[in-house]
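The exercises below concern cysteine pairing and enclosed space in one protein model. Please work through each task before reading its solution.

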Amino acid sequence: VNKAGDSLNCRSASKWAPNVIKSPIMDYPITEGTIVDSIWARIDQWIDKTALVCGVTGRTINYSELQDLSNRVTTALLTDLDLTAGQVIAMILPNIPEHPIMLLGAFDARMIVTSINPTFTADEIAEQLKDVGAVAAVTFPEKVPTLMEAVSKLDQTNFKIIVTPDVEGNNFQQAANNVIHYSDLVKKEIDHQMLNSLKMKTVSPHDTMFIPYSSGTTGKPKGVCLTHRNILANNANMKYLHFVWETTNNYQDVVPLLLPIFHVYALTVVLFASLFNGAKVITLPKFEERTFLNALKDHKATVLYLVPPLVLYLGNSPSVTKEHLSTVRTIVSGAAPTSESDIKKVIAKGSEKLNFVQGYGLTETSPCICCVPNDVRPSNLSTVGFPAPNTKVKITDLQTGQAVGANEEGEICAKGPQVMKGYLNNPKATEECIDSDGWFHTGDIGYYDEQKFFYITDRLKELIKVKGFQVAPSEVEGVLREHPDIQDAAVIGVPDEKLGETPIAFVQTQIKDETIIVNSLNEHLKKKLAQHKHVSKYFFVDSIPKSAAGKILKKDLKALYLSLTG
């Protein structure tokens, strides 16, 4: 795992220096060690404060209990389960209080964590487990049969499965080989001597600690190798941006955590930064209006981290009133751009102190590249801010690769300590996005203005973002083509008011009855792909337009879609 990204020198790099925009702070300190070390180092200041609240059941865990439970998990992983530092453990969990506990325990055991979307099918889970070389996985009762099916596809005989309580807090009742109950895990007496000796071992800042999966600039999901330094660099960025305030005897921020922890945005920007500052985190396993509004109003939320569909909900839903946003001080939106008009609808429902900012980043950059600090009020709300601490950003001309000046569009490229080590077992894909000078080519189109505020205008890549989740058209196309009645298929994303974007498919088939083939395709996708990757509408064509080189002409398909839908 740790060899990912060793060879990063294939893509040609521009040597031209002008028009590189540096962060206002290029020497912001990044701590050594691990992110868990950083969280525990500060915990005594708020040891008795509430750390986690389950937004469904109301269960609470304070910081003392959080550390105790995490230490028990660390001890059990390394003794009872006979796992070792450097091995990979998968987390397949919704946002429940046990998720942060398991994460902190695994990271403290110096294991590498890979995160998996809990809506994934057995095939999708098996593919990731195999690719990353996982030896164990943590999941919740509802997902156990799917995980067992996935594990049966692996060439492993001693794969360990840890089962947490469900979203209602109920424990898993069944017994099975190699299945360990979370409740047994946290009964383990803490081996302080072992934990202390573990912490004495020096951690290399360039060791991989977290492997989320991303579709990158193109193609099927790839493992993104994020190091200790990557994650700590992002934590330093959050400290500088100052969205979550440090807890005192008289004040504690309240942060609802609805964005999925398996995504790097929720894990590093929301969860780690909140725990680092002693905030109260409200875990919400999925969007339900009642629990979300309860987190805002009854728990008196102070900081909200959102994606565009949630911004639209806050602004447009009559259920959201000024009362719900009365205590909110800061709203941060990421994952995709939000329009100024949609932002203003939310601001109109907030108090005078409400500050709404946008940020920009990718899984491959841990994720923060640009953001608006908490004390800055940009005149144009659609900006994603300026480069984060220790970060350089440039806009490159799509034809020449040269860095362009203010108000000129091009590809966004970033360089800094938050840029990933590389894609797991995929040096070719790494070389295609990180050039020989260390610049990460994002595949996104944008520009910066005279004040050096950046704006995102489009995506060079073809990824579809459904509720902020990435969907690679090529993956869906591949599954569609597996259907026996489909000769060819192409998938594009189109705007959707609720989802942000949604996949639609153009298919070539001999079947004349469209109702029958649509139902058959929907059943086929349901078995193979998570729900957010499902096709919302089909168009039947005689052939898929392609270039001489055989590449699907997505622009032609988008034009065809517009002509068909008016």
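**Exercise 1.** Determine how many disulfides the whole structure contains.

*Solution.* A search of the whole structure finds zero disulfides, a disulfide being a pair of cysteine sulfur atoms within 2.5 Å. The model is predicted: local features need pLDDT of at least 70, side-chain atom pairs count only at pLDDT 80 or more, and totals for chains, interfaces and linings use all residues. Residues are numbered from 1 along each chain as its sequence is written, and side-chain values use heavy atoms, with hydrogens and water left out.

**Exercise 2.** Explain why Cys368 forms no bond with the closest cysteine sulfur.

*Solution.* Step one: the closest cysteine sulfur to that of Cys368 belongs to Cys371, and because the two are 5.3 Å apart, they are too far for a bond. Step two: Cys368 is buried (under 20% relative accessible area, 1.4 Å probe, protein chains only), with a value of 5%. Step three: Cys370 is likewise in no disulfide, as its nearest cysteine sulfur, in Cys368, is 7.3 Å away. Cys370 is buried at a relative accessible area of 1%.

**Exercise 3.** Locate Asn62 and identify the polar partner of its side chain.

*Solution.* Asn62 is found in strand β3, residues 60–62 (strands are DSSP runs of E, at least two residues, numbered from the N terminus). A polar atom of the Asn62 side chain lies 2.7 Å from the backbone nitrogen of Glu65. Beyond four places in sequence, Asn62 touches Ile47, Asp48, Lys49, Thr50 and Ala51 (heavy atoms within 4.5 Å).

Terms used. Helix = DSSP H or I, 4+ residues; strand = E, 2+ residues; numbered from the N terminus. Polar contact = N/O pair within 3.5 Å; in protein donor to acceptor, adjacent residues only side chain to side chain. Buried < 20%, exposed > 50% of the residue type's maximum accessible area, 1.4 Å probe, protein only.
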